[in-house]
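This briefing sets out the main structural features of the protein chain shown below. The points are grouped by topic for use at the bench.

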Amino acid sequence: MSSNPATVSQALHWRYATKKFAPRAIPDATWAMLRESLALTPSSYNLQPWKLIAVENSAVRERLQTHSWNQGQITGASHLVVFARRTEITEADVDRLTQQITNVRGTPPEKLAAYRQMMVSGIVKGKGAQAQKDWASCQLYIALGQLMAVAAVLAIDTCPLEGIDPAKYDEVLDLKATGYETVVACALGYRSADDHYALAKKVRFATDEVVTKV
Ligand SMILES: Cc1cc2nc3c(=O)[nH]c(=O)nc-3n(C[C@H](O)[C@H](O)[C@H](O)COP(=O)(O)O)c2cc1C
C-alpha cells in the first residue's frame, strides 16, 4: 500500500472546481471506488450520520439544476452526489452502530455499553437540536473532502457545490420524511477542453502561513 508525494502533489494541483464537464462517463470500476470512498469515510464516534445520494435520473438532475443557481455541472457531469445529514441523532442511531460493531467484530453488546453511553451523553443528550445538525454537517464535509481527494488521485474531476437550495433539494429528492436533509453536493466527471478555469493558477495562502508549528 503506497503512493508517493510527487504523485499526490500532482493530483492535488491538477484538481480544480470544474465549471464545465465533458459529456463523458466515469467507468463503472472507477465509480465503484468513488462510491466506496464515501462509505469508508471516517466520522466522529463512527456514527456515520449521513445519506449519500447518487442522482442518476436525468429528469431529477434537471430539476435540481433549477435549484442550483442553474449551475451546468448538475446536469453536465457524469455523476452527481448529494450529501444529506441526519436531522437528529437518536439512541436508535447509536444502537444501529453498536449492533453493526457486534455484527462485524463479534463484540458482545455488554462490552459496548460504556461506548454506547458515551455517545448518548455526548451527542444524543449532550447536544441540542441545532448542535446535532451542525455536528452531522461537519462529518458530511469529511466525506466530501475524501471524495474529492480520492477523485483527484483517480484523475476524476469534481465540483463541490454549496450553491444549491437545500430545502428544494429535499423536496425534489423526497427526503422530507426520511430523517435526512441536504447540505451540499458534488459533481464528478471529466473537465471540458474549453473550461478555461482549468488553466487558472491555484490561489492559496502559503503553506507556512496556513500550517504553523509550535
Ligand atoms: C464546500 C464548497 C462549496 C463550493 N460551492 C461551489 C459552487 O456552488 N459552485 C462552484 O462553481 N464552485 C463551488 N466551490 C468551489 C470553490 O470556489 C473552489 O473550491 C475554491 O475557489 C478553490 O479553488 P479550486 O477548488 O479550483 O482549487 C465550492 C467549494 C467548496 C469546498
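How many bridges join β2 to strand β4, and in which sense do the two strands run? The two strands are joined by 8 bridges and run antiparallel. The model is a predicted one, and the points below describe its overall make-up, its sheet, the surroundings of its ligand and two loop residues.

**Overall make-up**

- The protein chain holds 9 helices and 4 strands.
- Read from the N terminus, the order of these elements is α-α-β-α-α-β-α-α-α-β-α-β-α.
- Along the principal axes, the C-alpha atoms of the protein chain fill a box of roughly 60 × 45 × 35 Å.
- Of the 214 residues in the protein chain, 28% are buried.
- Among contacts with a separation of 6 or more, 83% link residues that are 24 or more positions apart in the protein chain.

**The sheet**

- The 4 strands form an open sheet in the order β1-β2-β4-β3, and their pairing is antiparallel.
- Strands β1 and β3 stand at the edges with a single partner strand each, so one side of each has no neighbour in the sheet.
- Leaving direction aside, neighbouring strands of this sheet are turned by 20° against each other on average.
- In general, strands of a sheet pair through backbone hydrogen bonds, in either a parallel or an antiparallel manner.

**Strand pairs within the sheet**

- Strand β1, residues 50-54, pairs with β2 in the antiparallel sense over 5 bridges.
- In the pairing of these strands, I53 stands opposite V82 in β2.
- Strand β4 spans residues 180-189 and is joined to β2 by 8 bridges; A187 in β4 is the bridge partner of L80.
- Strands β3 and β4 also pair in the antiparallel sense, over 5 bridges, and L161 has A185 in β4 as its bridge partner.
- Strand β2 covers residues 79-86, and 8 of its 8 residues are buried, so the strand is largely enclosed by the rest of the structure.

**Surroundings of the ligand**

- Which residues surround the ligand? They are Y16, A17, K19, Q71, C159, P160, L161, E162, G163, V184 and K202.
- Strand β3, residues 157-161, supplies the largest share of this shell, with 3 residues.
- By character, the shell around the ligand divides into 6 nonpolar, 2 polar and 3 charged residues.
- L161 therefore appears in two settings: L161 is one of the residues around the ligand, and L161 is bridged to A185 in β4.

**Loop residues with positive phi**

- N70 has a phi near 55°, a positive value in a residue other than glycine.
- N70 is located in the loop between α3 (58-66) and α4 (73-76).
- Is N70 buried or exposed? N70 counts as exposed because it has 10 C-beta neighbours inside 10 Å, and the cut-off for an exposed residue is 12 or fewer.
- D174 likewise is not a glycine, and its phi is positive at about 60°.
- D174 lies in the loop between α8 (166-172) and β4.
- With 9 C-beta neighbours inside 10 Å, D174 also counts as exposed.

Technical notes: Residues numbered from 1 in each chain as written. Predicted model: local features only at pLDDT ≥ 70, side-chain atom pairs only at ≥ 80, totals over all residues. Buried ≥ 20, exposed ≤ 12 C-beta atoms within 10 Å, placed from the backbone. Contact = placed C-beta atoms within 7 Å. Pairing = 2+ DSSP bridges. Near = placed C-beta within 6 Å. Nonpolar A, V, L, I, M, F, W, Y, C, P; charged D, E, K, R; others polar. Axes fitted to C-alpha atoms, helices over the stretch in contact; angles between N-to-C directions.
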